[in-house]
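Please open the model in your viewer and keep the sequence panel visible. The tour below proceeds by selection, with a short account of what is found at each stop.

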Amino acid sequence: SPASLNGVSPLWVHLMGQGLVAYGYRAEAAELFSRLMDAIIASLKRFSSFYEQYDADNGLPVGEGRSSN
């Protein structure tokens, strides 16, 4: 589906963040991490679940959910 093409994986955000920090882009890494955490927290509050990916534009979860209960 088109939505899945825009999905962002927490694993890839972590790896990209490490690379940004390694090359001195701390502020950009912090922004990337903050946006991901905002999406994860919103998902946990709304759906009580972690997801494989989050939409890069709107932060909504994409893919399979994993219950936090």
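Select glycine 17, which is buried because its relative accessible area is 12%; buried means under 20% relative accessible area, exposed over 50%, and partly exposed in between, with a 1.4 Å probe and protein chains only as cover. This glycine lies in helix H2. Helices (H or I, at least four residues) and strands (E, at least two) are DSSP runs, numbered from the N terminus. Leaving aside neighbours within four places in sequence, glycine 17 is in contact with Ala29 and Leu32, where contact means heavy atoms within 4.5 Å. Add phenylalanine 33 to the selection: its C-alpha atom is separated by 7.2 Å from that of glycine 17, although the two residues are 16 apart along the chain.

The model is predicted: local features need pLDDT of at least 70, side-chain atom pairs count only at pLDDT 80 or more, and totals for chains, interfaces and linings use all residues. Residues are numbered from 1 along each chain as its sequence is written, and side-chain values use heavy atoms, with hydrogens and water left out.

Next, display the whole of H2. Its 13 residues should span 18 Å at 1.5 Å a residue, and the end C-alpha atoms are 18 Å apart, which agrees; the expected span is 1.5 Å times one less than the number of residues. Methionine 16 is found in this helix, which covers residues 10-22, and is partly exposed because its relative accessible area is 42%. Together with Leu11, Trp12 and Leu15, Met16 forms a nonpolar patch on the surface, with about 430 Å² of accessible area in total. Patches are made of residues with over 30% relative accessible area and no salt bridge; like charges are joined within 9 Å, and nonpolar side chains (Val, Leu, Ile, Met, Phe, Trp, Tyr) within 5 Å. A salt bridge is a side-chain nitrogen of Lys or Arg within 4 Å of a carboxyl oxygen of Asp or Glu. Accessible areas come from the Shrake-Rupley method with a 1.4 Å probe; for residues, only the protein chains shown count as cover. Just after H2, glycine 24 takes a positive phi of about 85 degrees.

Which residues form the largest nonpolar core? Select Val13, Leu36, Ala39, Ile40 and Tyr54, the 5 residues of that core. Helix H3 (residues 26-47) supplies the largest share of this core, 3 residues. A nonpolar core is a set of buried Ala, Val, Leu, Ile, Met, Phe, Trp, Tyr and Cys residues joined through side-chain atoms within 4.5 Å. Centre the view on tyrosine 54: not counting residues up to four places away in sequence, its contacts include Asn6, Pro10, Leu36, Ser43 and Pro61.

Move now to valine 8, in strand E1. At 25% relative accessibility, valine 8 counts as partly exposed. Beyond four places in sequence, valine 8 touches Val13, Glu52, Gln53, Tyr54 and Ala56. The C-alpha atoms of valine 8 and leucine 36 are separated by 8.5 Å, with their positions 28 residues apart along the chain. Serine 9 lies in the loop between strand E1 (7-8) and H2 and counts as buried, at 17% relative accessibility. Its contacts, neighbours within four places aside, are Glu52 and Gln53.

Select serine 48, in the loop between H3 and strand E2 (49-55). Its phi is near 55 degrees, a positive value in a residue other than glycine, and at 30% relative accessibility serine 48 counts as partly exposed.

Finally, return to the full chain, which has 3 helices and 3 strands. From the N terminus on, the elements run α-β-α-α-β-β. Buried residues make up 17% of the 69 residues, and the accessible surface comes to about 5000 Å², of which 58% belongs to carbon and sulfur atoms.
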